[in-house]
Amino acid sequence: MPNTKAKVLVVDDEPLIRTTMSMVLAEMGYQVRSAENGFSALREIRQEMPDILLTDLNMPDMSGFELLSVVGRRFPAVHKIAMSGAYLGTEVPSGASADAFYQKGSGVEALLHILGALPHIEQLAPQPFSSAVPLWIHRNGHGSAPETCVTISCPVCLRSFPQAIDDSDGLVRETDCIHCSNPIQYAIVQPPDRMSV
Ligand SMILES: [Zn+2]
């Protein structure tokens with residue numbers, strides 16, 4: 001018995017694959033959403049946690065390998081299936097942290113078999129996405145300019161981006177990652193005052 005009514009997130013940069021897979025899965029009774037790359041997949045997951053992630057491995061910007069690794073760390077309750085047309089068979093390609101592998105084009109039967117073999121899907125409480133502890137960031141240089149820039153590394157998608165900061169802001173600030181829109185709390189480590197005698 002497939003886990004009907006389970007929520008599946010299909011991630012593929014090919015619109016045709018997204019549409020086809022979504023239709024097939026909806027036909028099987030799954031609640032399906034889709035995303036066109038790893039960053040938008042992370043946004044979708046933040047909106048609502050899927051039970052199953054079915055992701056292509058080769059995608060621009062953030063590959064399925066990276067997405068699987070991020071989801072494995074942040075959302076261990078999500079069942080992960082890798083899919084690709086570049087690998088043959090049923091073995092999960094090395095480097096992909098997935099529970100199962102679906103070779104694209106190997107048919108609905110094969111997909112049904114993989115989904116049916118997943119352990120029973122439990123409704124686990126979603127884990128908080130952002131931790132309560134802010135990132136501590138060092139200021140780049142210490143000019144007298146009122147506005148400076150810091151570089152923030154997103155703990156979710158592991159990408160960096162520049163962030164303008166203003167001294168009038170409080171200690172703990174908040175911004176959204178420009179890549180995956182994860183909310184990030186951060187605080188600036190002030191450079192030590194010069195020890196003048
Ligand atoms: Zn991010």
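**Helix contact, sheet edges and positive phi in a predicted model**

In this predicted model, Gly38, Ala41, Leu42 and Ile45 of helix H2 meet Glu66, Leu67, Val70 and Val71 of helix H3.

Q: What makes the residues of the contact of H2 with H3 divide into nonpolar, polar and charged?
A: The residues of this contact comprise 6 nonpolar, 1 polar and 1 charged. Glu counts as charged, and Gly is placed among the polar residues, whereas Ala, Val, Leu and Ile count as nonpolar.

Q: Why are H2 and H3 called roughly parallel to each other?
A: The axes of H2 (residues 38-47) and H3 (residues 64-74) cross at roughly 25° and come within 10 Å. Angles under 35 degrees count as roughly parallel, and the two helices are therefore described in that way. The crossing of H2 and H3 is, in addition, right-handed.

Q: Why do strand S6 and strand S9 stand at the edges of the sheet?
A: The sheet is an open one of 3 strands with mixed pairing, in the order S6-S10-S9. S6 (135-138) and S9 (172-176) each have a single partner strand, so one side of each is left without a neighbour in the sheet. From one strand to the next, the twist averages 45°.

Q: How do you know that S6 and strand S10 pair?
A: Pairing requires at least two bridges between two strands, and S6 is joined to S10 (residues 183-189) by 4 bridges, with the two strands running parallel. In S10, Val189 is the bridge partner of His138.

Q: What is said of the phi of Leu158, and where is this residue found?
A: Leu158 has a positive phi of about 65° although it is not a glycine, and it is found in the loop between strand S7 (147-153) and strand S8 (160-166). Most residues other than glycine have a negative phi.

Q: Why does Leu158 count as partly exposed?
A: A residue is buried with 20 or more other C-beta atoms within 10 Å and exposed with 12 or fewer; Leu158 has 15 C-beta neighbours inside 10 Å, and therefore counts as partly exposed.

Q: What makes Ser181, a residue in the loop between S9 and S10, partly exposed?
A: Ser181 has 16 other C-beta atoms within 10 Å, and is therefore partly exposed. Its phi is near 55°, a positive value in a residue other than glycine.

Q: How many of the residues of the chain count as buried?
A: Of the 197 residues of the chain, 28% count as buried.

How values were computed:
Residues are numbered from 1 along each chain as its sequence is written. This is a predicted model: local features need pLDDT of at least 70, side-chain atom pairs count only at pLDDT 80 or more; totals for chains, interfaces and linings use all residues. Axes are lines fitted to C-alpha atoms, for helices over the stretch in contact, and angles run from 0 to 180 degrees between N-to-C directions. Angles under 35 degrees count as roughly parallel, over 145 as roughly antiparallel, 65 to 115 as roughly perpendicular and the rest as oblique. A crossing is left-handed if the near helix is turned anticlockwise from the far one by less than a right angle, and right-handed if clockwise. Two residues are in contact if their C-beta atoms, placed from the backbone, lie within 7 Å.
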